[in-house]
Every structure is written in C-alpha cells, then in structure tokens.
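User: I am new to this structure and would like a close look at a single part of it. Please take one helix and describe its surroundings with care.

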Amino acid sequence: MDKDSVIQPQFLRSNFPTRPLADPNAIVGGGSHKYRFTVLTDGLIRYEWAFDSQFEDRASSFAINRNLPVPKFRVTEKDGIIEIVTERFHFTYDGQPFSPSGLVVSVSGFYNDHSSVWRYGEDCETLGGTARTLDLADGRIPLGPGVISQQGFSAIDDSKTMLFDSDGFVTTRRLDSTRVDGYLFTYGHDYAGAVKALYALSGNQPLLPRWALGNWWSRYYAYSDKEYLALMDKFEEEKIPLSVAVIDMDWHLIDDPKVHASGKTGWTGYSWNKELFPEPAKFLSELHKRGLKVTLNDHPADGVQSYEDLYPAMAEAMEHSTEHKDPIHFDITDPKFLNAFFDVLHRPLEEQGVDFWWIDWQQGHHSRLPGIDPLWVLNHFHFLDNKINHKRPLTFSRYAGPGSHRYPVGFSGDAFVTWASLAFQPEFTAKASNIGYGWWSHDIGGHIYGGKDDELGTRWVQFGCFSPILRLHSTKSQWNRKEPWTYAAEAGHIMTTFLRLRHNLLPYLYTMNAISATEARPLVRSMYWAYPKSPEAYRVPNQYLFGSELIVIPITVPRDPKLRLAKTKGWLPAGKFVDIFNGVVYDGDREIWISRRLEDYPVFAKTGSIIPLDGVKEPTNSTSNPSKIEILVVVGADGAFELIEDDGSGDSAEEVSWIKTPIKYSQAEGTLTIGPCTGAQAGKDGREWSIKFLALKDPKEIYVQLGTGEISVKPEKVKNSIVVQVGNILPSATATIALGNQPQLAPNNVESLTWPLLADAQIEFRLKEDIWQILSAKIDTTKKTRKLHALEMDSNLRDAMLEYVLADG
C-alpha cells in the first residue's frame, strides 16, 4: 500500500457517522415558514423556531440521528391552528412565535390529577438526569434534566449545543438568542421507551470492553515503578483481582526545577518522571503481563511547556517558534492542535503501553469558540482516537451534557470521604440513566477530606460491587488508603470478599453490558422504570434495579453501636424475593426496614431469577470468558436468561460475534435447562457448570440429564441453598436439572435468623431473654408481632427482629 492510500489518523478520528437529516415526510412546516416540527417517533417531536427560516440540519452533540423511520401521524390545519396527532401525543400550535399559550402538547393517558399537558416555556419537572461532576459535593447536589417525568413529558433544549460539520469537526451554531431548537419526549410512564427514543436520536451506549467491568486500582500518590508493581503483586498475593491500573498525575514531571522555572504548577505534563519511572515502556509492559490495562491521568489545560520531551515535535507540528521557548497553548477547537494533541503528544505514550486516558478536565465550559465546551471536544475525540488502535474504545472523563453517554466511562470527580457523599451516590448513579448515562465511575471509598472509618469504607466497596464501575481511589495522604489489608481485620476481610465477588459477577455484568449496547437498557435504573404506577417506587431514590435480575438496597448509614446492625428502608414490589447473601425469603408488595451486619448487603432476586457467575472461588486478574459457571436460581416462577459472551473480535456491538447460552427455568416442571449455545462456539471445549438454588425447600430427588444420558449428582447443602455440580457441558449440548414438579422456597427459620443478632447485641441479658421467649414461642406471627410491639425496647432492635418475623408472612 503506498503512502497516499494509507488512511491518516486524523481522518479516522473524524469518522463519526451521523444521519442528521430527517425524512422529509416527518416534517411539518420548514421551508419559508419560521417554524419547523419533526415527528421523530410517535412519542418524540422536535420543535424549531427561526426568524429567518434558516433551520439547523447539522448534527449536534445531543442529536446525531434524526433520520428515523417515520411514525404514523396525522396533521390538520384550520383557522391558522396546526395540530399533529400520534398515538402518544396531540400537538397544537398557533403559527406565532412560541409561547405557553400557542404551543401546547397533550400527552395520551393520565399522569396527574387531571391531564398531562406541556406548554412551551413552562418549567418541566423531570425525574432528574445527572450532573457534570461531584467535585466539592458533600452529599446531594442539583441534577440536570432527564427525558422522563411523572407528568409524562420532558423537554430537552438543544438550542445552544455544539454542532458537527461535514468533516466531522466541531462548529458553532448561528448566533441568535431567538432561535429555538428543542425536543419533547411524550412517553408517559413508559420510561424505558423514552430512553430508547433518546438513544435512537443520540446514539446508543457503546459496548464496554470486558476488562472495564473488573476492579480498578487508583490512588493519587507518587509511586515509583517498583512500588507500583510491588503493590500489584501484593494484591495478587492477597488473591484480590484487578483489571485496570490507574496512574494518577505523578507519572509526569511535577515537583521539578524545570517545572518551577516555567512558572507553572506541573498540573499538566507529558514527560515521564524518570526518577520514579526510569523505564516507562518496561513498567507498562510489566503491568500488562499481570493482566492489567493501564490509563494515565491527563490535565491538558496548560498546554505544552518548553521543558516537555515532546515540545520540539509539537512545535514542529504546530509551526510554533521555539526561539523564546514560549508554551504551546491548549486549544482543542483548533484542528491543527487537536491532531497534534493526539498524534504527537499522546501517540508515543500509547506506543509505550498506555491503553486509554483519564481526562481530568476541571477548567470550565469555555473555549476559544463561543458555545463550545472543551470537555465535549475532549470526550468526543478521545473516544474516537482510542478506537484507532484499540478494540472496544474507552475514555474516562466527566459528563459534558446530554449525549455524553456515547463516551464511557464517566468520572464523577473528587468524592468526599463522608457518609453524606456515599448516601447520594446510589441515587446519583440510578438517575443518570434517565438521561441515558449508564456508566458512572465513582471514587469508591472517597477521595478527599473526611477521616478514617472502616465501616464507611466497607459499605462503599459493597456499593461499588453493585455499581457500573468499581474503582478504588484516594488522595495523596499516607493515612487515606484503600488497600483492604490496611483496614481492621473485619473490614479488610469483607472488602476482599466483595472485590472478589465483583469479578465473579463478570458473566452477569457483561451480559448486561451487551444488553445496554444493543437493547437500550442501562445496567442501573431507578425502581420506577419497572414499577411506574407504584408510589413506593418514587419514595426509594437510593434503591435500584441492577440488571434484569437484581434489586439493590444500599446501606449508606453507620451501624447502631449496640446492635452492630445498620438499618435502611426499602421497598419490595409484589411477588416473592430472596436475599442472595443470606437466603432469607421475603414477601413483596410492602415497604420494609432492613437491618444488616457489616458482612451482609441487601441484594434481592425475585422468583424466576437466574444470575450467572464466574464459578471460581478466587478469581484472578483475567477477565476472559470463565471456564466454570455457577448459576444462582430462585424457584417459584418461570424464568429465562441468555448468557451473552463473545470471542473478543469486533470494535462495537454491531461487529461482535456473540456467543449466547440460553438458560430457562420451568416452575411447573421444576426443570432448569442450559444450552445449546449459539454463535461462534464451534470446536470449543465445554466448561464446568454448577447450580445454586437459593432458599430451595429440600426436593425429594434431583436428576441431571446431559444430552440423552442421566448423570448421578449429590446435592450439597450450603447455608440456605442447595448446590448441584452438573459437570462439563459442551457448547452444542443441552443439560437439564430436574427438581420435581412445582418446587418451593423454604420457609424462613426465624429462630436461626434472629439468634445471632440477639447474641451479638450489646444489651441487657434480661431483655435478650424476654425477646427470645417471644421469638421461640409456638405462636402465630400476629401474636409474636403484638408481643414484640408491647415489649419495651429500642426501635432499631424491634425492627431488626420484626424483619425476620414478618419476612415471608
């Protein structure tokens, strides 16, 4: 191939397919009119006003695909009033400049006391979206809008966002404050439908590389290469798996005479600190040998100083005079600088072994071009650039606004080490999906301020295990550490358990990752996504759906010092549920107080749930498809789960060769069926499978059929569960585990559940005995409940006992 035929990186970096021109059949108005309406879906309409009839047809940072299938709608015009009607909305417009009286949309259905009506210009109270950062936030902060609301409608103002030109570069809008460009979502309480429409317009969430779903190690600390590698080896020695090594800003020159002489802080840098990292390429290679991907921190705002190793090459690329050693200023809106930024400044570091970049932009919304936020440009082009030399591109940066879901992973900023900070993160994470942003990464354990608190650190790691991304992080302090072995024995042991569990969860997490990229369903979602008609779903903002099978009720408050239990309030929808950690069965359709010891965490699976895990007890840094699979199953209702994997090929969800393993459970027959696989599994070896039936009432007999033959098995009782070792199953085979017709969940043993809690409680022996007499009495649940209410005791203690007395009726 000759030189001229090679596609240069800057052109690959501009390869951002968009389809901004809507089908003409979807448009009402336009042309010489000052208004234009585009019916994008039956529940999504674009509304524009332009005094000069010059409407915007370029892609924006929010809207990149307006060329959608034209939905069924009808238009009428009478006496100057235009009406547009679809199955979801009735749109009315008077032909004048937009106003609350002249532009009105009624949403089909009833979502408040009377009807659901949107008026242009009036505030639209949504269920919330997300925010740019949690920097300096000690608890709750205001959130931007989402595309869903209890009122049934939500409007997104796209009038001032950045645009993309025909060459794939960024550009500004026509400067005029009277122009209007907005999108109205009218999906009622079909919240999933609204976000699906958002993805259709704005692009899907990309498929994350599998390794991104493992544990990330990060610390703002001046490690040497030997210290960092020794730390990674210590994690391996402790059998704590990691998948990503984050190197904070001390990788480059900071506290150096050359930096001081420049008058800069050293916050921005591109030259390795050779005192700490004398052989950078060797260091990065050693991390790769340990099965780790590597990201470096980049604060790019100060540009390139004359002391940088790459200053001469950058100066040549920029045609910048070096006579006076003037710095090369950061200007990401200059195409020449942007190309040099990646091809000259970053590429040599990537060739040494950097896999992706942590973009730590904290310098505001303004660039040289009015209306263009540097963070948007950095996120967009970093993601496209990462795709040039890496499969499954990834970047790591703050949220820039609606549409940012196209550039995972999100960095939520410097978290305070406080309970208030932890208490807001679950809600913050779940509500982000209301604007399609599904891959937040928080500073697990907290980054700055606060103090040593083993319990807080443990609860944060537990939340991190059931978060989109688990990244341990802390600031530059000898006292602020996140290594589990630096905590007290109890906390360190529990942290280790949950960090291992995170890697065990990879089969489940990767399946949800694939579903997010192909079916428009984020991993973490607020409860009202699935239960929009239940008022209780809106009263538990910290509780969330984790994938298709699990409900997480995070613990974000400290323990009662006397009971050694932390208490939180949750809501279980109608049905029966099992806590996957302690095997307790719960009746749903009620709000409940939940009390847990430090080692326990409230994660619930409904009857019919199927949760695939990596079956190894001590997972390693490898995030490959596992050789052993363990399935958690909750009997009581039919269930189905399709385990999704791939062979590592393909840059995006559209290019992947999927491997899919169907897993189905029939309650009537009491059978669990696995396989056969479909996809790129031909010639592959089988793997070991085991089934863990949570809270299963002892069946009379369990049979396993593999193909046409029956396998002899010996079920093992583990806590409240029964484990069946199925053995090796080939991809082309079908295995059936039979429990007998209509298997049931085991009733809770209230005495065995409450005795350890009473034994551990730091209370008077006489009170313990009085409580125990009630719990162990052969009386019905109603009488036990009455007696517990009548007995004088602390409310936290009473609620802890009643949780198990009333759990399953």
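Analyst: What follows is a close look at helix α15 and then, briefly, at a strand elsewhere.

This is a predicted model, in which local features need pLDDT of at least 70 and side-chain atom pairs count only at pLDDT 80 or more, while totals for chains, interfaces and linings use all residues. Residues are numbered from 1 along each chain as its sequence is written, and side-chain values use heavy atoms, with hydrogens and water left out.

Helix α15 spans residues 781-790, where a helix is a DSSP run of H or I with at least four residues and a strand a run of E with at least two, both numbered from the N terminus. Within α15, Lys-784, Thr-785 and Leu-788 are buried, that is, under 20% relative accessible area with a 1.4 Å probe and protein chains only, whereas exposed means over 50% and partly exposed lies in between. Seen down the axis of α15, these buried residues fall within an arc of 100 degrees, so they line one face of the helix; the arc is that of the directions from the helix axis to the C-beta atoms. The face turned away from this buried side carries the exposed residues Arg-786 and Ala-790. Among what covers the buried residues are α14 (765-775) and α16 (795-805). At the start of α15, a side-chain oxygen of Asp-780 reaches to within 3.2 Å of the backbone nitrogen of Thr-782.

Elsewhere, Ser-397 is found in strand β17 (residues 396-397), and at 2% relative accessibility Ser-397 counts as buried. The side chain of Ser-397 reaches the backbone oxygen of Ile-359 at 3.5 Å.

Notes
Contact = heavy atoms within 4.5 Å. Polar contact = N/O pair within 3.5 Å; in protein donor to acceptor, adjacent residues only side chain to side chain.
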